[in-house]
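Subject: Structure for you to look at

Hello,

Here is the structure I promised to pass on. Please open it beside this email and follow along.

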Amino acid sequence: MANLKITLCEGRVAAADLFNSDPYVAVTVAETRVQSPIEEDTTSLQWNWEYVFENITPDHRVRFHVYDSDTPDPDDDLGYFQTTVARFLNGKEGAKQTIHVGDSTLVVVGTWV
Ligand SMILES: [Ca+2]
Ligand SMILES: [Ca+2]
(Lines give C-alpha, C1' and ligand atoms only; values in the text may rest on other atoms or scores of the structure.)
(Ligands and ions follow the chains in the order given, each with its own letter.)
Protein backbone atom coordinates (compact mmCIF):
# COMPACT_ATOMS: atom_id res chain seq x y z
CA MET A 1 0.00 0.00 0.00
CA ALA A 2 1.18 3.49 -0.86
CA ASN A 3 -0.23 6.86 -1.74
CA LEU A 4 -0.60 7.89 -5.38
CA LYS A 5 -0.64 11.52 -6.44
CA ILE A 6 -2.42 12.27 -9.70
CA THR A 7 -1.83 15.66 -11.33
CA LEU A 8 -3.98 17.00 -14.16
CA CYS A 9 -1.59 19.37 -15.91
CA GLU A 10 -3.35 20.50 -19.04
CA GLY A 11 -5.55 19.29 -21.82
CA ARG A 12 -7.54 19.90 -24.93
CA VAL A 13 -11.16 18.88 -24.72
CA ALA A 14 -13.65 18.40 -27.52
CA ALA A 15 -16.29 21.11 -27.99
CA ALA A 16 -19.52 19.76 -26.56
CA ASP A 17 -21.44 23.06 -26.65
CA LEU A 18 -21.64 25.36 -29.67
CA PHE A 19 -17.91 26.20 -29.89
CA ASN A 20 -16.52 25.29 -26.47
CA SER A 21 -17.08 23.10 -23.46
CA ASP A 22 -17.14 23.54 -19.69
CA PRO A 23 -14.84 20.63 -19.02
CA TYR A 24 -13.98 18.78 -15.87
CA VAL A 25 -12.44 15.39 -15.23
CA ALA A 26 -13.53 12.79 -12.71
CA VAL A 27 -10.50 10.78 -11.57
CA THR A 28 -11.16 7.42 -9.97
CA VAL A 29 -8.44 5.33 -8.30
CA ALA A 30 -9.57 2.15 -6.61
CA GLU A 31 -13.00 3.11 -5.15
CA THR A 32 -12.26 6.82 -4.63
CA ARG A 33 -13.72 9.26 -7.17
CA VAL A 34 -12.82 12.96 -7.15
CA GLN A 35 -13.61 15.74 -9.59
CA SER A 36 -11.41 18.52 -10.89
CA PRO A 37 -12.79 22.06 -10.90
CA ILE A 38 -14.98 22.97 -13.88
CA GLU A 39 -13.26 25.25 -16.38
CA GLU A 40 -15.94 27.34 -18.05
CA ASP A 41 -16.26 28.06 -21.76
CA THR A 42 -12.99 26.64 -23.07
CA THR A 43 -11.46 23.68 -24.87
CA SER A 44 -7.88 24.45 -23.77
CA LEU A 45 -7.13 23.67 -20.15
CA GLN A 46 -4.40 24.60 -17.68
CA TRP A 47 -5.51 22.82 -14.54
CA ASN A 48 -2.42 22.04 -12.48
CA TRP A 49 -4.83 20.30 -10.16
CA GLU A 50 -3.74 17.36 -8.02
CA TYR A 51 -5.12 14.85 -5.58
CA VAL A 52 -3.46 12.20 -3.41
CA PHE A 53 -5.22 8.83 -3.29
CA GLU A 54 -4.38 6.81 -0.19
CA ASN A 55 -3.71 3.10 0.27
CA ILE A 56 -3.22 2.27 -3.41
CA THR A 57 -1.62 -0.80 -4.96
CA PRO A 58 -0.41 -1.36 -8.56
CA ASP A 59 -3.40 -3.64 -9.18
CA HIS A 60 -5.96 -0.92 -8.55
CA ARG A 61 -7.69 0.70 -11.49
CA VAL A 62 -7.23 4.33 -12.50
CA ARG A 63 -9.85 6.08 -14.62
CA PHE A 64 -10.01 9.54 -16.21
CA HIS A 65 -13.57 10.44 -17.20
CA VAL A 66 -14.09 13.68 -19.15
CA TYR A 67 -17.33 15.65 -18.97
CA ASP A 68 -18.77 18.90 -20.26
CA SER A 69 -20.79 20.60 -17.53
CA ASP A 70 -24.24 21.64 -18.78
CA THR A 71 -25.96 22.75 -15.57
CA PRO A 72 -28.90 22.55 -15.14
CA ASP A 73 -29.08 20.01 -17.96
CA PRO A 74 -27.32 16.65 -17.62
CA ASP A 75 -23.59 16.92 -18.33
CA ASP A 76 -22.21 15.61 -21.62
CA ASP A 77 -20.16 12.44 -21.26
CA LEU A 78 -17.02 12.88 -23.38
CA GLY A 79 -15.62 9.45 -22.64
CA TYR A 80 -13.07 7.90 -20.34
CA PHE A 81 -9.72 6.13 -20.25
CA GLN A 82 -9.16 3.32 -17.76
CA THR A 83 -6.19 1.09 -16.97
CA THR A 84 -4.39 -0.33 -13.95
CA VAL A 85 -2.10 1.77 -11.80
CA ALA A 86 0.78 -0.52 -12.81
CA ARG A 87 0.21 0.06 -16.52
CA PHE A 88 -0.44 3.76 -16.01
CA LEU A 89 2.89 4.26 -14.23
CA ASN A 90 4.94 1.80 -16.28
CA GLY A 91 8.09 3.73 -17.26
CA LYS A 92 6.29 7.05 -16.66
CA GLU A 93 6.17 7.42 -12.89
CA GLY A 94 6.68 11.09 -12.03
CA ALA A 95 6.67 12.15 -15.70
CA LYS A 96 4.10 13.84 -17.87
CA GLN A 97 2.13 11.52 -20.11
CA THR A 98 -0.57 12.19 -22.66
CA ILE A 99 -3.86 10.33 -22.45
CA HIS A 100 -6.36 10.20 -25.29
CA VAL A 101 -10.04 10.17 -24.37
CA GLY A 102 -12.22 10.20 -27.46
CA ASP A 103 -11.49 13.53 -29.20
CA SER A 104 -9.84 14.97 -26.07
CA THR A 105 -6.28 14.75 -24.78
CA LEU A 106 -5.11 15.11 -21.19
CA VAL A 107 -1.56 15.61 -19.92
CA VAL A 108 -1.24 13.97 -16.53
CA VAL A 109 1.36 12.79 -14.01
CA GLY A 110 1.17 9.88 -11.61
CA THR A 111 3.64 9.75 -8.72
CA TRP A 112 4.00 7.53 -5.66
CA VAL A 113 4.19 9.78 -2.62
CA1 LIG B 1 -22.84 20.48 -23.74
CA1 LIG C 1 -21.38 22.97 -21.32
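Below is what was found, from the whole chain down to single residue pairs.

Please keep in mind that this is a predicted model.

**The whole chain**

Start with the count. The chain has one helix and eight strands. Follow the sequence and you meet them in the pattern β-β-β-β-β-β-α-β-β. So six strands come before the helix, and two follow, as the pattern is written.

How compact is the chain for a globular protein of that length? The radius of gyration is 14 Å. The globule rule gives 13 Å for 113 residues. The two values are close, so the chain is as compact as a globular protein of that length.

Now picture a box laid along the principal axes. The C-alpha atoms fill one of roughly 45 × 25 × 20 Å. Of the 113 residues, 27% count as buried.

Contacts tell you how the sequence folds back on itself. Take those between residues at least 6 apart in sequence. Of these, 59% join residues that are at least 24 apart.

**The sheet with strands 3, 2, 5 and 6**

This sheet is open and has four strands. Their order is 3-2-5-6, and the pairing is antiparallel. Which strands stand at the edges? They are strand 3 (32-35) and strand 6 (76-84). Each has a single partner strand, so one side of each is left without a neighbour in the sheet. From one strand to the next, the twist averages 15°.

Look next at the middle of that order. Strand 2 (residues 23-29) and strand 5 (residues 61-68) run antiparallel. Seven bridges join them. For one residue pair to find on screen, try V25: its bridge partner in strand 5 is V66.

**The sheet with strands 4, 1, 8 and 7**

Here, too, four strands form an open sheet. The order is 4-1-8-7, again with antiparallel pairing. Strand 4 (44-56) and strand 7 (96-101) are the edge strands, and each pairs on one side only. Ignoring direction, neighbouring strands of this sheet are turned by 25° against each other on average.

How many bridges pair strand 7 with strand 8? There are six, in the antiparallel sense, and strand 8 covers residues 104-112. Find I99 as well: it stands opposite L106 in strand 8.

Best wishes

Note on methods. Residues numbered from 1 in each chain as written. Chains lettered and ligands numbered in written order. Predicted model: local features only at pLDDT ≥ 70, side-chain atom pairs only at ≥ 80, totals over all residues. Pairing = 2+ DSSP bridges. Axes fitted to C-alpha atoms, helices over the stretch in contact; angles between N-to-C directions. Rg over C-alpha atoms; globule rule 2.2 N^0.38 Å. Buried ≥ 20, exposed ≤ 12 C-beta atoms within 10 Å, placed from the backbone. Contact = placed C-beta atoms within 7 Å.
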